[in-house]
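Notebook open, coffee poured. I wanted to go through the strands, a helix, some rings and a pocket, and jot down what turned up.

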Amino acid sequence: MCLLNVIIFLEFSQLQTTTAICPSLFNAATVQDGILSRIRLPAGLITSTQCEVLVRVVNQFGNGKIQITNRANLQIRTSQALPEAALLDFQDYGLASSTQSIDGLRNMMASPSAGIDTQAKINIIPLVKAWELYLLDHPELVILSNKFSICFDGGEAIRVSDRPNDICLVAVEINSEIYFDLHLGLGDRGEAPAPVGVLVSPNQVIEVLASLTEVYRQYTEQKLEQKTHLRSRPPRLRELLHDWGVGKYLELVAEKLSYALIHSPLASLQLREKETRVFVGYEHLGIHAQKQSGLFYIGVVIPLGRLTSQQLVGLANLGKRYGGGALRLTPWQNLLITDIAEVNLDQVTQEIENLGLFIDPHHPYAAIAACSGYKGCKSAFTDTQADAKEIASHLEKYMQLDLPINLHFSGCDKSCAQHHASDIAIVGQTSETYKIYVGNGEINFGRELYSEYTAHELSQLMERLLNIYQYQRQNPEQSFREFVNQCNLQELRELISHA
């Protein structure tokens, strides 16, 4: 064993702990269906070799299943706490940070098509790697909230700037020069970060991020010192922003820099655009040309973000044999296989289907999101995973969707699986029934169609509702959201009851 591993080994002195509320690899969470560990992969990148190492551990200690999260992390469930040898293997192969304390910070988010997207203004992967190295060199940041999250958006067609994050750097072009427009998480839980009127040049990104983070760290240190009990929850960055305001925060950040922050003229324009922006999250599924001539990527539908170990190994082997040797996880709980030559597209597509997976964005599983349900979360009231699978299987058998329909299953009103508004939201209640919401409403879930619906009736309800939409919409291009927003809900209920 090398000296570095000896040093890291001595740092553990015990098995993986299992007391976390928000799990990480070194501090997992005990849930109904096992011990839940979360593996952070900066920008959602995982190599074929890393997949093989992960599967070995999952097959030895777990249930043979892996889940992609809505932050492009991976989650595994094991029957026991992972031993030191398994954790060291994860570190050796880059599946865990070499600094144990930093591993608990939230994953860095980036577009899954970074570096290959034809519309990208800049490749942000080098910045992701540089920031990961900065974190490793600054273990004092461990006192920050483990929900602290940073996002890099390079202007790709597959946008991630609307994902909930504390800090987001969005590439923009001004007078033929590329900058990053600084966005901060100013709103409530689940809201996208908003522009704050600051531009950052690419060569200053890491220094500005370091200053933003250091001011936040100092604020956190002050707040923790003011508490009288030892287990105080570290403040979120949005608490700092609500406490101090954006102006004071940016003034303190500027004091740590050797240059002035650049004023951005885009903030008010982007805020207006944000109000009318509609989420569409499925364009990356299927086959797409890359910016590299002659190469393509395939977006693969992963049902509810869950893979068997055999499927993950199969996808990793496809990436190794036909692509760039890696998979790219997405915040929509699916993945991309990249760098495929045109001559191999049919073969790769067939082998994906042989694994029991899909690439069609119209498949029912393509647009269903579900939280872990009561088996994996103490807050949930319903078995969302099982109920979502039942609906997807029913729709696949009995109808053909010609446009993606986003169904969002949430075991409670926290909406952990999906923060943006859905076409149909199915929300668990204490009686193990669901409330059904559709379209846009005063609350993020939408307008309430039914206040109580039993799980075993949901499949028939969804089939009837979607058939009504497909037969009565104004034209084939009218989305479900547009259709249902125009409906009188009482009339819609009557149509459903007679369908």
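Below are my entries, in the order I looked things up.

**Entry 1: the sheet.** Note to self first: this is a predicted model. I started with the strand order and found an open sheet of six strands, running E6-E7-E8-E9-E10-E11, with mixed pairing. I then looked for the edges, which are strand E6 (109-110) and strand E11 (262-263), each pairing on one side only.

**Entry 2: walking through the sheet.** I took the neighbours one pair at a time. Strand E8 (residues 167-174) runs antiparallel to strand E9 (residues 177-184), and eight bridges join them. I picked cysteine 168 and looked up its bridge partner, which is histidine 183 in E9. Two residues sit between E8 and E9 in their hairpin. I checked the turn's backbone too: asparagine 175 has a positive phi of about 55 degrees.

On to the next strand. E9 and strand E10 (residues 194-200) are antiparallel as well, joined by four bridges. Here phenylalanine 180 faces valine 200 of E10 across the pairing. E10 in turn pairs with E11 in the antiparallel sense, over two bridges. In that pairing I found valine 198 opposite histidine 263 of E11.

A reminder for when I colour side chains: in a regular strand they alternate between the two faces of the sheet.

**Entry 3: another hairpin.** I moved along the chain to strand E12 (residues 286-289) and strand E13 (residues 295-300), which pair in the antiparallel sense over four bridges. Histidine 288 is opposite tyrosine 297 of E13. How many residues lie between the strands of this hairpin? I counted five, and glycine 294 takes a positive phi near 85 degrees.

**Entry 4: helix H2.** I wanted to know what span to expect from helix H2 (residues 48-61). With 14 residues at 1.5 Å a residue, it should span 20 Å, and the end C-alpha atoms are indeed 20 Å apart, so the two agree. Next I listed the buried residues of H2: Ser48, Gln50, Cys51, Val53, Leu54, Val55, Val57, Val58 and Phe61. Worth keeping beside that list: an α-helix has 3.6 residues a turn, so residues three or four places apart point the same way.

**Entry 5: rings.** My search for aromatic pairs returned eight. One of them is tyrosine 437 with phenylalanine 445, a stacked pair at 5.4 Å centre to centre with 25 degrees between the planes. Are these two rings' residues buried or exposed? Tyrosine 437 counts as buried because its relative accessibility is 8%, under the 20% cut-off. Phenylalanine 445 has a relative accessible area of 12%, so I logged it as buried too.

I also found a cluster, in which ring pairs link Tyr469, Phe480 and Phe483. Tyrosine 469 has a charged partner as well: arginine 473 lies over its face, at 5.0 Å from the ring centre.

**Entry 6: a pocket.** Last stop, the second largest pocket, which holds about 500 Å³ of space. Strand E3 (45-47), helix H4 (125-136), strand E15 (326-329) and strand E16 (335-341) are the elements that give two or more residues to its lining. Which element gives the largest share? That is H4, with six residues. The lining has 25 residues, and nearest the pocket's centre I noted Pro42, Leu45, Gln50, Gly94 and Lys129. I had met Gln50 already, among the buried residues of H2.

Technical notes: Residues are numbered from 1 along each chain as its sequence is written. This is a predicted model: local features need pLDDT of at least 70, side-chain atom pairs count only at pLDDT 80 or more; totals for chains, interfaces and linings use all residues. Side-chain values use heavy atoms; hydrogens and water are left out. Two strands pair if DSSP finds at least two bridges between them. The expected span of a helix is 1.5 Å times one less than its number of residues. Buried means under 20% relative accessible area, exposed over 50%, partly exposed in between (1.4 Å probe, protein chains only). Rings of Phe, Tyr and Trp (its six-membered ring) pair if their centres lie within 6.5 Å; planes under 30 degrees apart count as stacked, over 60 as edge-to-face and the rest as tilted. A charge sits over a ring if NZ of Lys or CZ of Arg is within 6 Å of the ring centre and within 35 degrees of the ring normal. On a 1 Å grid over the protein atoms alone, a cavity is a set of points where a 1.4 Å probe fits but cannot get out, and a pocket is an open set with protein on both sides within 12 Å along at least five of seven lines; lining residues have an atom within 4 Å of a point. Grid points are joined across faces, edges and corners, and a volume is the space filled by probe spheres set on the points.
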